[in-house]
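Student: I would like to go through this chain and ask how each label is justified.
Tutor: Go ahead; each label will be set against its cut-off.

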Amino acid sequence: MVLIDGTLIHTQRRTGKADRRNYSGKHRSHGLRFLALTDENGRLILISAARPGRTHDNTAARHNHILAHLRAAGLGALADLGFRGLDNDVLDPVIVTGFHASRTHKLTPGEKTANRVLAIGRAPVEHGFAHLKNWRILTKLRTDPAQATRLLRALLVLTNLEVNR
């Protein structure tokens with residue numbers, strides 16, 4: 001079982017029209033979107049390639065073929081509601097997400113409990129991101145996505161060395 005989540009690494013704004021796609025309306029800042037897989041203890045296993053900041057978690061997972069890789073490895077993943085609709089296989093789901101409430105569909109007490117249990121199980125992925133975002137070099141990130149991907153993957157190795165001491 002692995003945990004999957006996406007995060008925005010804030011970057012400094014670059015000039016030109018090419019940087020507009022790095023603007024995340026949700027966070028109201030410029031950045032690059034990364035997906036990460038962690039184990040159940042919060043140790044980072046994999047970091048995806050950088051995507052523009054406005055990219056949704058589902059879109060980033062589709063571009064990185066996360067679902068196919070998880071199926072090939074025989075792994076299941078816990079995810080947040082940002083990954084809802086990614087895995088439509090009812091008989092053999094790979095990605096488990098919570099229940100979504102709407103105006104017309106209120107959550108039942110059982111669905112609320114299931115969401116709470118899922119949130120508790122997903123907490124370590126947030127800790128993994130927190131360890132990664134502690135690196136001060138990320139506050140000055142102003143580079144293209146290819147180099148940012150290399151930097152984050154190098155920091156992944158350093159973070160795992162630091163945390164597993």
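Student: What is the accessible surface of the chain, and how do you know that value?
Tutor: The accessible surface comes to about 9,900 Å², and 55% of that belongs to carbon and sulfur atoms. Such areas come from the Shrake-Rupley method with a 1.4 Å probe; for residues, only the protein chains shown count as cover. This is a predicted model: local features need pLDDT of at least 70, side-chain atom pairs count only at pLDDT 80 or more, and totals for chains, interfaces and linings use all residues. Residues are numbered from 1 along each chain as its sequence is written, and side-chain values use heavy atoms, with hydrogens and water left out.

Student: What makes R122 buried or exposed?
Tutor: Buried means under 20% relative accessible area, exposed over 50%, and partly exposed in between (1.4 Å probe, protein chains only). R122 has a relative accessible area of 11%, so R122 is buried. D80, with 22%, is therefore partly exposed. Of the 165 residues of the chain, 39% count as buried.

Student: Why is the pair of D5 and R122 called a salt bridge?
Tutor: The term requires a side-chain nitrogen of Lys or Arg within 4 Å of a carboxyl oxygen of Asp or Glu. In this pair the closest N and O atoms are 3.0 Å apart. D5 lies in strand 1 (residues 2-10) and R122 in helix 3 (residues 109-133), so the salt bridge ties together parts 117 residues apart in sequence. Helices (H or I, at least four residues) and strands (E, at least two) are DSSP runs, numbered from the N terminus.

Student: What makes D5, D80, R122 and E126 a network?
Tutor: They are linked by salt bridges. D80 pairs with R122 at 3.9 Å between the closest N and O atoms, and E126 meets R122 at 3.3 Å, N to O. E126 and R122 both lie in helix 3, four residues apart, about one turn of the helix.

Student: How do you know that the length of helix 4 agrees with its residue count?
Tutor: The expected span is 1.5 Å times one less than the number of residues. For the 19 residues of helix 4 that gives 27 Å, and the end C-alpha atoms are 26 Å apart, which agrees.

Student: Which residues of helix 4 are buried?
Tutor: They are A148, T149, L152, L155, L156, T159 and N160. They cover an arc of only 140° around the axis (taken from the directions from the helix axis to the C-beta atoms), which puts them on the same side of helix 4. The face turned away from that buried side carries the exposed residues R150 and L161.
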